[in-house]
Amino acid sequence: MRNRLNESIDRIHKIMYSATINEQAIGSTIGFYELVQIIITEVEGGYYHPDMLKDGRIKDTRYGSSGETMFGIDRKNGEEYNKMPEGQEFWSIIDKAGASAKWAHNYMGGEYEGKLRTIAAAMIQKEFNRLLNHYIKDENVRALVLSNAALTFNFIYATYNGMRYFNEMSKLLIDNYNNKITDANTLIQNQINYRLNNTNSLIRGSGETIKKIIDKNGFTNKSFLGQDKYDVKQEVDKAGAEFINKTFNAAINKPSGEPE
């Protein structure tokens, strides 16, 4: 009974996060935290542990080579994240919750969801900045990435994809810039085409997904609002808590008769 209740609450949280993110995406600007939340909610999803195959929580053998992941953060292969204090806090919360034995596949974290989402955004932002500064030396090209929400979104997801793909997409953008291509629509389409034509099936599959999200939210016509500041030790769950409170209050205060 308790597990069914937790799963129901988890589904409600997913709907609330999705609805609020979509509402925020209506404006002319969007920030780093919101872009990461879209990736978590619409692309990466929640928790997975290899024990789920062993104990029957999932039956899909395609997960056989996968390690423990949460919100797209890979515990085994995410070496850079594991070095961060945020990464240590992230997995500590998951371990203390007994996730490997108790959580269902794709579980979003229940009472820990807001805090875990905020820590994930902080980690991704650190790694995004590291890769951006490492692979794109020209400050004009870096400014190009950070001037448009679609380009920023693509490179945030490239951070998830890993160093190799971030590097290759950076080279493509630099080449475009050096050839006087600065139109946002053309630049992002070239990035999507790189994904669609990639030999890696996961990168190839991400092309259509990224394109649909960018088109749905009109990111090509939005400005990137800027990066966020996180204090993991003192305020790591502040943004997540505010986010949940906003969505919860909006849900309970919705006038009767308003369409779902």
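**Aromatic contacts in the predicted model**

**Figure 1. Close-up of Tyr-157 and Tyr-160 in helix α9.** Tyr-157 has a relative accessible area of 8% and is therefore buried. Tyr-160 likewise counts as buried, its relative accessibility being 14%; both values fall under the 20% cut-off for a buried residue. The coordinates shown in this and the following views are those of a predicted model. Helix α9 spans residues 149-161, and the two tyrosines within this helix are 3 residues apart, about one turn.

**Figure 2. Close-up of the ring pair Tyr-135 and Phe-166.** The structure holds 9 aromatic pairs in total. In the pair shown, the ring centres of Tyr-135 and Phe-166 are 6.3 Å apart and the planes meet at 35 degrees, so the arrangement is classed as tilted. Because Tyr-135 belongs to helix α7 (residues 113-135) and Phe-166 to helix α10 (residues 163-178), the contact ties together parts that are 31 residues apart in sequence. Tyr-135 and Phe-166 are both buried. A further tilted pair is formed by Tyr-157 and Tyr-160, with 5.8 Å from centre to centre and 35 degrees between the planes.

**Figure 3. Close-up of the aromatic cluster containing Tyr-135 and Phe-166.** Ring pairs join Phe-32, Phe-128, Tyr-135, Phe-155 and Phe-166 into this cluster. Two of its members, Tyr-135 and Phe-166, are buried.

**Figure 4. Close-up of Arg-117 over the ring of Phe-71.** Arg-117 is positioned over the face of Phe-71, at 5.6 Å from the centre of the ring.

How values were computed: Residues numbered from 1 in each chain as written. Predicted model: local features only at pLDDT ≥ 70, side-chain atom pairs only at ≥ 80, totals over all residues. Heavy atoms only, no water. Phe/Tyr/Trp six-rings, centres within 6.5 Å; stacked < 30°, edge-to-face > 60°. Helix = DSSP H or I, 4+ residues; strand = E, 2+ residues; numbered from the N terminus. Buried < 20%, exposed > 50% of the residue type's maximum accessible area, 1.4 Å probe, protein only. Lys NZ or Arg CZ within 6 Å of the ring centre and 35° of its normal.
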